[in-house]
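Dear colleague,

I am passing on a structure that I have been going through, and I would be glad if you could look at it alongside the notes in this message. Please open it first and keep it in view while you read.

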Amino acid sequence: MSTESQSGPRVYLETYGCQMNIADSQTVNAVLRRAGYSSAERPEDADVILLNTCAIREHAEERVLGRLSDLARLKSRRPELKLGLLGCMAQHNRATLVEKASYLDLVAGPDSYRRLPEMLRNASFDPAVDVRLDRGETYADITPDHDGSIRAYVTAMRGCDKFCTFCVVPYVRGRERSIAPDDLLREIRELAARGVKEIVLLGQTVNAYRHGASDFGALLRMVARVDGVERIRFTSPHPSDINDSLIDAMTTEPKVQPYLHLPVQSGSDRILAAMDRGYTVAEYCSLVERLRRAIPALALSTDIIVGFHGEDDSDFRATLSLVAEIGYDSAFTFKYSVRENTRAHKLGDSVSDEEKGRRLSELIALQEKISLDRNLTNIGQLFKVLVEGPARRGNAMLAGKTPQFKTAVFPAVEGIRVGATIAVRVESATAHSLICSLVA
Ligand code: 5AD
Ligand code: SF4
């Protein structure tokens with residue numbers, strides 16, 4: 001949101017959870033800016049405080065509840081301050097939230113952001129609550145406020161129809177809907193004109209994208225035609241929705257980067273069936289084989305849940321072997337968290353928290369070793385890196401991503417601009433980054 005016009009009421013917006021939420025917050029900022037609001041950098045300076053939240057695991061919700069009670073203290077000093085909860089947690093806890101957090105003025109689910117200005121006007125004695133899910137809402141006409149970086153996240157589809165038994169997303173984000181290619185291309189052209197070099201197409205199952213005759217592969221080819229866009233990525237594809245059209249776009253469009261985040265969740269067929277993921281371990285492995293054959297430079301990451309209900313030691317060992325067999329470049333790993341409303345809720349939670357913790361540590365240790373080994377094989381190789389800015393480690397280093405979405409750090413030499421693509425050589429590696437020199 002613009003910080004230039006300091007006229008209207010000031011909003012402080014904090015975002016939790018996935019990239020979809022980061023993108024949604026940019027839509028929220030655009031809606032509020034249009035309605036005359038400006039943004040506040042700190043909660044202390046705001047007239048309205050909004051938290052855009054995640055409900056995927058209990059831990060995510062606990063963090064937000066803790067933060068909310070901190071912010072409620074500000075409100076007790078300034079009763080006119082409005083406090084609102086947005087997003088998945090608002091949707092998930094709609095029945096109990098206003099009771100649990102009586103200081104909330106506003107509760108809005110992911111399909112209600114268009115109505116925020118009206119809700120803020122009405123939130124007075126009673127909180128304004130809008131948690132209707134709307135199969136038609138795509139916010140296609142609202143251009144999100146971009147944060148000015150060289151990478152932009154663009155929501156291509158919303159919602160999810162997969163209903164994996166552990167997952168709350170279909171209940172809080174509603175049914176799958178894709179945004180028309182024309183609307184997406186208009187937004188992407190505007191972003192490119194403002195200096196964005198990398199577009200990341202988003203969707204809970206982004207490759208389930210379909211609009212008219214266009215599937216996801218067709219969308220990738222259209223985005224690749226946009227001048228100024230240099231790199232295209234997308235997240236997260238579902239293994240069951242990978243088709244020839246998508247693989248073809250990845251092999252024939254040089255702008256589409258050789259990286260896939262391909263959530264597997266478990267390496268045990270029994271658990272995959274209980275999760276209703278729609279594939280077996282063998283099917284997943286042959287998909288990976290097909291992808292690697294088509295795209296030799298491909299890097300792969302994944303999501304894995306440990307301790308799903310009924311997961312015994314042999315199931316967990318199967319996950320470890322799959323991880324070793326595939327050799328992921330990186331993995332996001334989670335302890336299973338039972339979520340209300342999901343199909344697995346009624347099954348129970350057979351693995352203790354200690355055992356989940358033990359399995360998680362073992363899995364993380366294995367993946368760290370694999371990530372390091374894979375990164376070490378990059379030593380001596382050349383990569384093109386899109387320069388993003390100062391490296392986190394500081395000391396005169398810059399950072400950017402390789403095509404495989406690995407973090408490369410390299411010396412900050414004069415004349416290297418953010419947004420430029422440069423060539424680097426990998427000199428050494430950790431499990432999480434490639435330390436590089438510049439190639440003339
Ligand atoms: N418990 C733990 N992890 C979960 N995820 C989704 N639902 C749950 C849950 N109930 C993980 C999955 C998904 C990622 C975004 O979050 O691995 O891919
Ligand atoms: Fe959740 Fe499964 Fe949909 Fe992913 S595909 S958002 S895990 S229900």
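What follows is a short account of what was found, taking the ligands first and then the sheets and two unusual backbone spots.

Please bear in mind from the start that this is a predicted model, and that the values in this message were computed from it.

Let us begin with ligand 1, which is surrounded by Ile56, Arg57, Phe166, Gln265, Asp303, Ile305, Phe334, Lys335, Tyr336, Ser337 and Arg339. If you sort this shell by residue class, you will find five nonpolar, two polar and four charged residues. Two strands, β15 (299-306) and β16 (330-335), each contribute at least two residues to the shell.

Which side chains place a polar atom beside an oxygen atom of ligand 1? One belongs to glutamine 265, whose polar side-chain atom lies 2.6 Å from an oxygen atom of the ligand, and another belongs to aspartate 303, where an N or O atom of the side chain is 2.7 Å from an oxygen atom of ligand 1. Serine 337 takes part through its backbone, since a polar atom there is 2.7 Å from a nitrogen atom of the ligand. Taken alone, ligand 1 would expose 400 Å², and the protein buries 87% of that area.

Around ligand 2 you will find Cys160, Lys162, Phe163, Cys164, Phe166, Cys167, Val169, Pro170, Gln204, Thr205, His238 and Arg277. By class, this shell holds seven nonpolar, three polar and two charged residues. Phe166 is listed around ligand 1 and also around ligand 2, and you may find it a useful landmark when you move from one site to the other.

One residue of the ligand 2 shell, Phe163, deserves a second look, for phenylalanine 163 has a positive phi of about 50° although it is not a glycine. Its place is in the loop between β8 (157-158) and α6 (169-173).

Turning to the sheets, it may help to recall that strands of a sheet pair through backbone hydrogen bonds, either parallel or antiparallel. An open sheet of three strands, in the order β7-β10-β13, has parallel pairing. Its edge strands are β7 (151-155) and β13 (231-235), each of which pairs on one side only, and the twist from one strand to the next averages 25°. Five bridges join β10 (residues 198-202) to β13, and within this pair leucine 201 has phenylalanine 234 of β13 as its bridge partner. Helix α8 (residues 216-224) lies across β10 and β13, running at about 150° to β13.

Just at the end of β13 (231-235), a cis peptide bond joins threonine 235 and serine 236, with omega at about -5°. Serine 236 itself sits in the loop between β13 and α9 (244-252).

The other sheet to look for is a closed barrel of five strands, which runs β17-β18-β19-β21-β20 with mixed pairing. Neighbouring strands in this barrel are turned by 55° against each other on average, direction ignored. Strands β17 (residues 382-390) and β18 (residues 397-401) run antiparallel and are joined by four bridges, and here glycine 389 has alanine 399 of β18 as its bridge partner.

With best wishes

Terms used:
Residues are numbered from 1 along each chain as its sequence is written. Chains are lettered from A and ligands numbered from 1 in the order in which they are written. This is a predicted model: local features need pLDDT of at least 70, side-chain atom pairs count only at pLDDT 80 or more; totals for chains, interfaces and linings use all residues. Side-chain values use heavy atoms; hydrogens and water are left out. A residue is near a molecule or strand if one of its heavy atoms lies within 4 Å of it. A polar contact is a pair of N or O atoms within 3.5 Å; within protein, one must be able to donate a hydrogen and the other to accept it, and residues adjacent in sequence count only if both atoms are side-chain atoms. Accessible areas come from the Shrake-Rupley method with a 1.4 Å probe; for residues, only the protein chains shown count as cover. Ala, Val, Leu, Ile, Met, Phe, Trp, Tyr, Cys and Pro count as nonpolar, Asp, Glu, Lys and Arg as charged, and the others, Gly among them, as polar. Two strands pair if DSSP finds at least two bridges between them. Axes are lines fitted to C-alpha atoms, for helices over the stretch in contact, and angles run from 0 to 180 degrees between N-to-C directions. Contact means heavy atoms within 4.5 Å.
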